[in-house]
Each structure stands twice: as C-alpha cells, then as structure tokens.
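Visitor: Hi, could you walk me through this model? I'd like to start with a loop and then wander around.
Guide: Happy to, here it is.

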Amino acid sequence: MTLELLKRITDSLVDGDPDATVEGTRLALDAGLAPLTIISDGLVPGMEVVGDRFQTGEYFLPHLIIAASGMQQAMELLEPELKQRHEVVQRLGTVVIGTVQGDIHEIGKTLVATLLSAAGFQVYDLGVNVSAAEFVSKVRETNAGLLGLSALLTTTMTAQRQVIDALREAGIRDRVKVMVGGAPVSQEWTETIGADGYAEDAVGAVALAKNLVS
Ligand code: B1M
C-alpha cells in the first residue's frame, strides 16, 4: 500500500500530471506517511527521472516545467505538515538563504529553508536569482549567523564564490558561516571556494546548520 502510493506519486511527476501528484500526496498524508518519506521516496525520484530524460533528449523544457509545478503544489501541502511535526521551543539561529544569481531553481532551496525553519531557525528566504549584493545586504540587516547558497547549474555555482568574495569585501566574512548546496556542488568545490560547509540534501543541511552555529 505504502509503496504503491509512493510509486503513484513518482509516476505522476514522470507522466506530467500535477493534479495526480497533488492527489497522490494527499492520499499518502491521509494514510499516515511522513512528509519527509513522501518527499524522498515519492517526489524526488520522480524529479530525478524527469531530469535524466531531459538530459538524454527524451523530455524537453515543458516536461521540466510541468513536473516542477506538480512538485511545488505537493510541497505546498507538505510544508505545513513538516512545520507542525517539529514543535519549536527555541530559536537556534538566524539563516539567510537563496538561490544564486542566474539560477531560478527553487524547489530544493525551498525544501532546505522549510526544514531549517521547522528545526527552529529564523529563516529569511530571498528566493531565486539573488545577487551577491542582496545576500550581503540581508546578512547585514538581520545579523544572520548563517548564509545558505543554493545552485543547481554548473554555470551558476561560480556565483557562490562571488558571494563569499562580496562578504569579504564588505568586511563581514568572519561574522557569518556559509553553507552551500545543490546538485553540482561537492565537498571539493566547497573547499575550493572557502565555504564553511556543504550538505547533499535538506536533512543533511539541517544537521550541518546546527553544527555550524553550535
Ligand atoms: Co533545470 N536543470 N534547467 N529546471 N532542472 C537541472 C538542474 C538539470 C540537472 C537537468 C538535466 O539536464 N539533467 C540541468 C543542469 C545541468 C548542469 O548545469 N549540469 C538543468 C538545466 C540545463 C536547466 C536549464 C538551463 C534548461 C534550459 O533552459 N535549456 C534551465 C535553467 C534556468 C535557470 O536557472 N537559469 C532550467 C530550468 C528549469 C525549470 C525552470 C524548468 C525547472 C525549475 C522550476 C523551479 O524550481 N521552480 C527545472 C527543473 C525542475 C530541473 C530538475 C528536473 C529538477 C530540480 C529539482 O527541483 N529537484 C533538474 C534535474 C535534477 O535535479 N534531477 C534540473 C528536486 C529538488 C528537491 O532537488 O534541487 O537537487 P535539488 O535540491 C536538493 C539538493 O540539491 C540539496 O537539497 C535539496 C533537497 O534534498 N540542496 C541543498 C539544494 N540546495 C541546497 C542548499 C543547501 C544545502 C543543500 O545549503 C544552502
């Protein structure tokens, strides 16, 4: 039953049927599945198949857009559940997060922001296509101890380095820990650009954030 429900969600993304994605997500929640299981075992595998088919030329941009719309609508259902299940008693710290300039991929970044918020961080999500100057300005304004930079394209991950350089130029690099993530990002890249930490997924990002602020 559980596997069937998760497969139904995965298939709905691959088939480009956002209504079925939302319906499957609602059924999975009603059946008592944890929101994180629905994301990691239902939604993410579907997005991976869509991405792979795009890469091999079997799918085109409209397929990506339709699948992303299904995933986003499902996330709207799951976000309140994710937050509700982590009753927050104290603020762990302040995080500014966004997707770097030139990059409009928002699903992974938003998932990271949601889980950080659910874990007890005060989160300022600047959205997508965020310039280095905007990141610097928000870190200053909020006095955030942590900055999260998401990049999904090999062509935009270099903007993560530009943000770190901009923090240094603004004289506030030592006041904020920088964590980076996104599909093309690696530990090696993190060290190359002088970031403070890298997480492969949203759950890992929460653990890393707690570690960096402790
Ligand atoms: Co785009 N896209 N896309 N896309 N897209 C990828 C990334 C791609 C790998 C597809 C492919 O070719 N297989 C490829 C990049 C290739 C590369 O650079 N090596 C690609 C491309 C080429 C493009 C365009 C250039 C296509 C074009 O126009 N010809 C274009 C670029 C637009 C731009 O940004 N300037 C483009 C556009 C789009 C859409 C707009 C259609 C849509 C995004 C819609 C939206 O976000 N609102 C889209 C989508 C949906 C994808 C795929 C299919 C799925 C991304 C996603 O949402 N995954 C993607 C293929 C893939 O990843 N398999 C692809 C689900 C999400 C939960 O995972 O985002 O990886 P992810 O986030 C994870 C981790 O990475 C990590 O945690 C998250 C949760 O576990 N993480 C962090 C992310 N940020 C983090 C930050 C952290 C820590 C962890 O700390 C701060």
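Visitor: Where is asparagine 143 found?
Guide: Asparagine 143 is in the loop between α6 and β3 (146-150). Helices here are DSSP runs of H or I with at least four residues, strands are runs of E with at least two, and both are numbered from the N terminus.

Visitor: Before I go on, what kind of model is this, and how are residues numbered?
Guide: This is a predicted model, where local features need pLDDT of at least 70, side-chain atom pairs count only at pLDDT 80 or more, and totals for chains, interfaces and linings use all residues. Residues are numbered from 1 along each chain as its sequence is written, and side-chain values use heavy atoms, with hydrogens and water left out.

Visitor: Thanks! Is asparagine 143 buried or exposed?
Guide: Asparagine 143 is exposed, because its relative accessible area is 54%. The cut-offs are under 20% for buried and over 50% for exposed, with partly exposed in between (1.4 Å probe, protein chains only).

Visitor: And what is its phi near?
Guide: Phi of asparagine 143 is near 60 degrees, a positive value in a residue other than glycine. Asparagine 129 also has a positive phi, near 55 degrees. Asparagine 129 sits in the loop between β2 (121-125) and α6, and it is partly exposed at 38% relative accessible area.

Visitor: Let's zoom out. How many helices and strands does the protein chain have?
Guide: There are 9 helices and 5 strands. Along the sequence they run α-α-α-α-β-α-β-α-β-α-β-α-β-α.

Visitor: What about the radius of gyration?
Guide: The protein chain has 18 Å, which agrees with the value near 17 Å for a compact globule of 214 residues. That radius is taken over C-alpha atoms, and the globule rule is 2.2 Å times the number of residues to the power 0.38. The C-alpha atoms fill a box of roughly 55 × 45 × 25 Å along the principal axes.

Visitor: How much of the chain counts as buried?
Guide: Of the 214 residues, 44% count as buried.

Visitor: Now the metal. What is the cobalt atom's donor from the protein?
Guide: The cobalt atom of the ligand has a single protein donor, NE2 of His105, 2.2 Å away. Donors are N, O and S atoms within 2.8 Å of the metal (3.2 Å for Na, K and Ca), and water is not among the atoms, so sites may look incomplete.

Visitor: Where is the place of histidine 105?
Guide: Histidine 105 is in the loop between β1 (93-99) and α5 (107-119).

Visitor: Staying with α5, what does threonine 114 touch?
Guide: Threonine 114 lies in helix α5 and touches Glu79, Leu82 and Lys83, leaving out residues up to four places away in sequence. Contact means heavy atoms within 4.5 Å. Threonine 114 is buried, with a relative accessible area of 5%.

Visitor: Which helix holds valine 136?
Guide: Valine 136 is in α6, residues 132-142, and it counts as buried at 7% relative accessibility. Its contacts beyond four places in sequence are Ala166, Leu167, Ala170 and Ile172. Alanine 166 is 30 residues away along the chain, with a C-alpha separation of 7.0 Å from valine 136.

Visitor: One last stop: is threonine 190 buried or exposed?
Guide: Threonine 190 counts as buried, at 1% relative accessibility. It is in helix α8 (residues 187-193), and beyond its neighbours within four places it is in contact with Val180, Val185, Ala195, Gly197 and Tyr198.
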